Amino acid sequence: QVQLVESGGGLVQAGGSLRLSCAASGRTFSRYWMGWFRQAPGKEREFVASTRWSGGSTYYADSVSGRFTISRDNAKNTLYLQMNSLKSEDTAVYYCAAGSGGWRRYDMDYWGKGTLVTVSS
């Protein structure tokens, strides 16, 4: 059974940093795209960042490019999202996802339950 379990969310002041983690289990993800998505209250879920589990291509949403960094630790089967210079508009539930066919939201096959990030201004 595939499980993606996010952690690391919380309350942070604007300008601060957080690191999210996603522990992946239940299958081999070596050929998968791994991504972070977020959903703010009253808004649709949106793409944040993605990378291949095997390395190589990485994509970021324009809104987070230069502030967020996606990375992975293959030995720990864990995906990370380092978030710096946080803004109030980054407040959302952040979801980890895995997809075999690509890096976009509709390509994702598996989703975690999310972790809440709240940025106070």
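Which backbone oxygen lies 2.9 Å from a polar atom of the side chain of Thr78? Hi everyone, let's start there. The oxygen belongs to the backbone of Lys76. Before I go on, please keep in mind that what you see above is a predicted model.

So, a little more on Thr78. This threonine sits in strand β8, which covers residues 78–83. Its relative accessible area is 11%, so Thr78 is buried. What does Thr78 contact, once we set aside neighbours within four places in sequence? The list is Ser21, Cys22, Ala23, Trp53, Ser71, Arg72 and Asp73.

One name there takes us to my next topic, since Cys22 is half of a disulfide with Cys96. For anyone who would like the reminder, a disulfide covalently bonds the sulfur atoms of two cysteines. How many disulfides does a search of the whole structure find? Just one. Its two sulfurs, from Cys22 and Cys96, are 2.1 Å apart, and the angle about the S-S bond is -75°, a left-handed link. Cys22 belongs to strand β3, residues 18–25, and Cys96 to strand β9, so the bond ties together parts that are 74 residues apart in sequence. Are these two cysteines buried or exposed? Cys22 has a relative accessible area of 1%, so it is buried. Cys96 comes out at 0%, so it counts as buried too.

Now for the aromatic residues. The structure has nine aromatic pairs, and I'll show you two of them. In the pair of Trp33 and Tyr59, the ring centres are 5.8 Å apart and the planes meet at 40°, so we call this pair tilted. Trp33 is in strand β4 (residues 33–39) and Tyr59 in strand β6 (residues 58–60), with their positions 26 residues apart in sequence. Trp33 is buried because its relative accessibility is 7%, while Tyr59, at 33%, is partly exposed.

Tyr59 also pairs with Trp103. Here the centres are 4.3 Å apart and the planes are at 15°, so this pair is stacked. Trp103 lies in the loop between β9 (92–99) and β10 (110–111), so its pairing with Tyr59 in β6 brings together parts 44 residues apart in sequence. With 18% relative accessibility, Trp103 counts as buried, because the cut-off is under 20%.

If you follow the ring pairs along, you get a cluster made of Trp33, Phe37, Phe47, Tyr59, Tyr95, Trp103 and Trp111. Which residue lies over the face of Tyr95? That would be Arg45, at 3.6 Å from the ring centre. Arg45 lies over the face of Trp111 as well, this time at 4.8 Å from the ring centre.

Arg45 leads me to my last residue, Gln39. The side chains of Gln39 and Arg45 make a polar contact at 3.5 Å. Gln39 is in strand β4, and its relative accessible area is 27%, so it is partly exposed. Leaving out residues up to four places away in sequence, Gln39 touches Glu44, Arg45, Ala92, Val93 and Tyr95. How far apart in space are the C-alpha atoms of Gln39 and Leu116? They are separated by 9.4 Å, although these residues are 77 apart in sequence.

To recap, we went from Thr78 and the Lys76 backbone oxygen, through the disulfide of Cys22 and Cys96, to the aromatic cluster and the contact of Gln39 with Arg45. Thanks for listening!

Note on methods: Residues numbered from 1 in each chain as written. Predicted model: local features only at pLDDT ≥ 70, side-chain atom pairs only at ≥ 80, totals over all residues. Heavy atoms only, no water. Helix = DSSP H or I, 4+ residues; strand = E, 2+ residues; numbered from the N terminus. Buried < 20%, exposed > 50% of the residue type's maximum accessible area, 1.4 Å probe, protein only. Polar contact = N/O pair within 3.5 Å; in protein donor to acceptor, adjacent residues only side chain to side chain. Contact = heavy atoms within 4.5 Å. Phe/Tyr/Trp six-rings, centres within 6.5 Å; stacked < 30°, edge-to-face > 60°. Lys NZ or Arg CZ within 6 Å of the ring centre and 35° of its normal. Disulfide = S-S within 2.5 Å.
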